[in-house]
Amino acid sequence: MRLLVAGGAGFIGSEFVRHTLSSHPDDSVVVLDKLTYAGNLRNLDPVAASSRFRFVHGDICDARTVETLAGEADAIVNFAAESHVDRSLEAPGQFIQTDVYGTFVLLDAARRIGHSRFLQVSTDEVYGDVTEGRSAEGDPLRPRSPYSASKAGGEMMAWAYRESYGVPVITTRGSNTYGPYQYPEKIIPLFITNALDDQPLPIYGDGNAVRDYLYVTDHARGIDTALRLGTPGEDYNIGYGGETNGHEVADLVLGALGKPDSLKQHVRDRLGHDRRYAVDTRKLEGLGWEPDVPLADGIKQTVEWYRQNQEWWRPLKSGEFWEFYSRNYKPLSPPP
Ligand code: NAD
Ligand code: TYD
């Protein structure tokens with residue numbers, strides 16, 4: 001298969017590219033990526049020399065570039081997105097532009113060209129806050145943040161192209177993902193890199209909101225399974241099945257690094273903070289996929305990677321990173 005992978009220089013996309021090239025020796029990959037603050041060509045260093053790999057610097061909103069590259073591919077996998085909830089709360093416009101409009105541009109090229117598959121990488125956050133039970137693929141989407149609403153918008157555009165034009169769309173809805181090469185703004189890489197520097201670990205609100213943390217190799221394998229074995233027209237949840245709150249994430253990171261509990265710091269809660277996500281993954285398991293890496297092991301491996309690859313993340317924690325940080329993180333109780 002010749003794959004066009006949009007957003008393949010990001011965290012999960014680059015793992016998917018590394019996985020595809022090593023597991024499928026007959027496949028080739030073209031990555032189209034805008035290299036936003038979260039994209040990083042270094043994530044693709046391990047495959048840069050492969051004759052089956054090519055990188056194109058560009059925007060999925062640019063119809064001309066997309067059309068050319070889509071015409072050379074058998075299938076499209078779309079990871080490209082603005083992906084951080086806190087940034088979406090501050091500036092939602094770019095999320096709508098990339099996550100909805102950009103998805104439309106890719107779909108529209110797919111409609112004209114005709115591919116074997118169009119895999120839209122989505123998120124369990126589209127189900128919204130799940131107070132009890134687990135979200136199944138047929139459940140209604142009730143996104144509650146500008147990020148998750150934009151991702152749901154991209155999905156709905158994909159459904160529309162599936163129903164109206166027969167584009168063979170498959171959607172995956174993955175849970176919170178962590179591991180090597182993750183830009184240090186999401187909770188796990190932020191806590192690891194802060195703890196390495198003896199900086200506080202900012203826990204939002206009461207620290208009791210839970211997430212289902214999924215190791216990045218498990219997520220990428222899940223997308224690969226859905227792409228190759230999934231049925232066009234179907235959606236697939238991907239998750240590990242755990243429920244871990246902010247305190248527990250901090251404890252795991254501090255424990256793995258041998259750092260003191262006193263680094264935990266409660267900060268003002270996120271606006272509209274979803275308290276819980278939980279997905280039912282039996283549908284993907286029916287295709288033979290299962291998650292492999294328990295959270296405690298994954299955190300240890302991730303801590304070790306960030307410890308050994310400081311030249312990868314230190315340059316990212318500068319300038320704009322700290323400007324966003326100081327706007328985003330506020331004391332729990334503002335002084336009277
Ligand atoms: P990321 O922010 O690390 O990577 C996103 C990539 O998309 C970057 O390389 C960026 O440069 C690129 N990009 C952004 N806008 C673009 C545009 N207009 N044109 C081309 N490229 C563009 O994100 P990630 O964590 O790797 O997430 C990848 C996908 O998986 C996203 O669609 C996200 O919604 C979804 N997802 C993420 C998680 C998670 O926990 N990280 C969980 C479930 C689903
Ligand atoms: P995050 O990694 O931003 O992923 P998402 O919001 O997409 O699920 O946040 C995961 C959980 O961790 C969420 O409940 C918010 C919490 N959190 C903190 O407590 N402190 C932080 O600095 C961050 C970034 C997140």
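Reader: At what distance from an oxygen atom of ligand 1 does a backbone N or O atom of Phe 79 lie?

Author: The model is predicted, and the distance is computed from its atoms. The contact of Phe 79 with ligand 1 involves a backbone N or O atom on the protein side and an oxygen atom on the ligand side. The distance between these two atoms is 3.0 Å.

Reader: How much of the accessible area of ligand 1 does the protein bury?

Author: Taken alone, ligand 1 exposes 830 Å². The part of this area that the protein buries is 97%.

Reader: Which residue places a polar side-chain atom 2.8 Å from a nitrogen atom of ligand 1?

Author: Two contacts of ligand 1 can be set side by side here. In one, an oxygen atom of the ligand is 3.0 Å from a polar backbone atom of Thr 36. In the other, a nitrogen atom of the ligand lies 2.8 Å from a polar atom in the side chain of Asp 59. The residue asked for is therefore taken from the side-chain contact, within the 3.5 Å limit for polar contacts, and is Asp 59.

Reader: Which element gives the largest share of the shell around ligand 1?

Author: The shell comprises 29 residues, and those that come nearest are Ile 12, Asp 33, Asp 59, Tyr 147 and Lys 151. Two or more residues are contributed by each of helix 1 (11-23), strand 5 (117-123) and helix 5 (146-165). The largest share, three residues, is that of strand 5.

Reader: How many charged residues does the shell around ligand 1 have?

Author: Sorted by class, this shell has 11 nonpolar and 14 polar residues. Its charged residues number four.

Reader: Which residue has a polar side-chain atom 2.5 Å from an oxygen atom of ligand 2?

Author: Oxygen atoms of ligand 2 meet polar side-chain atoms of several residues. For Asn 176 the distance is 2.7 Å, and for His 273 it is 2.7 Å. The contact at 2.5 Å belongs to Glu 125.

Reader: How much of the accessible area of ligand 2 does the protein cover?

Author: On its own, ligand 2 has 510 Å² of accessible area. The part covered by the protein is 96%.

Reader: Which element gives the most to the shell around ligand 2?

Author: Ligand 2 is surrounded by 18 residues, of which Glu 125, Arg 211, Arg 270, His 273 and Tyr 329 are the closest. By class, the shell divides into 10 nonpolar, three polar and five charged residues. Helix 6 and strand 8 (201-204) are the elements that give two or more residues. The most, three residues, comes from strand 8.

Reader: How far apart in sequence are the parts that the pair of Tyr 37 and Tyr 183 ties together?

Author: The structure holds 18 aromatic pairs. Among them is that of Tyr 37 and Tyr 183, which is edge-to-face, with 5.0 Å from centre to centre and 85° between the planes. Tyr 37 belongs to the loop between strand 2 (28-33) and strand 3 (53-57), whereas Tyr 183 belongs to the loop between strand 7 (177-178) and helix 6 (187-196). The pair therefore ties together parts whose separation in sequence is 146 residues.

Reader: Is Tyr 183 buried or exposed?

Author: Its partner Tyr 37 has a relative accessibility of 26% and counts as partly exposed. For Tyr 183 the relative accessible area is 8%. Because the limit for burial is under 20%, Tyr 183 is buried.

Reader: What is the angle between the planes of Phe 321 and Trp 322?

Author: Phe 321 is buried at 3% relative accessibility, and Trp 322 is partly exposed at 36%. Both rings belong to one aromatic cluster with Tyr 37, Tyr 183, Tyr 204, Tyr 325 and Tyr 329. The pair of Phe 321 and Trp 322 is edge-to-face, with centres 4.8 Å apart and an angle between the planes of 85°.

Reader: Over the ring of which residue does the charged end of Lys 283 sit?

Author: Charged ends sit over tyrosine rings in two cases described here. The charged end of Arg 111 is 4.4 Å from the centre of the ring of Tyr 165. The charged end of Lys 283 is 5.0 Å from the centre of the ring over which it sits, that of Tyr 236.

Reader: With the side chain of which residue does the side chain of Asp 280 make a polar contact?

Author: Asp 280 is located in the loop between strand 13 (264-267) and helix 9 (282-285). With a relative accessibility of 14%, Asp 280 counts as buried. Its side chain makes a polar contact of 2.6 Å with the side chain of Arg 282.

Methods: Residues numbered from 1 in each chain as written. Chains lettered and ligands numbered in written order. Predicted model: local features only at pLDDT ≥ 70, side-chain atom pairs only at ≥ 80, totals over all residues. Heavy atoms only, no water. Phe/Tyr/Trp six-rings, centres within 6.5 Å; stacked < 30°, edge-to-face > 60°. Helix = DSSP H or I, 4+ residues; strand = E, 2+ residues; numbered from the N terminus. Buried < 20%, exposed > 50% of the residue type's maximum accessible area, 1.4 Å probe, protein only. Lys NZ or Arg CZ within 6 Å of the ring centre and 35° of its normal. Near = heavy atom within 4 Å. Polar contact = N/O pair within 3.5 Å; in protein donor to acceptor, adjacent residues only side chain to side chain. Areas by Shrake-Rupley, 256 points an atom, 1.4 Å probe, with all protein chains shown as cover. Nonpolar A, V, L, I, M, F, W, Y, C, P; charged D, E, K, R; others polar.
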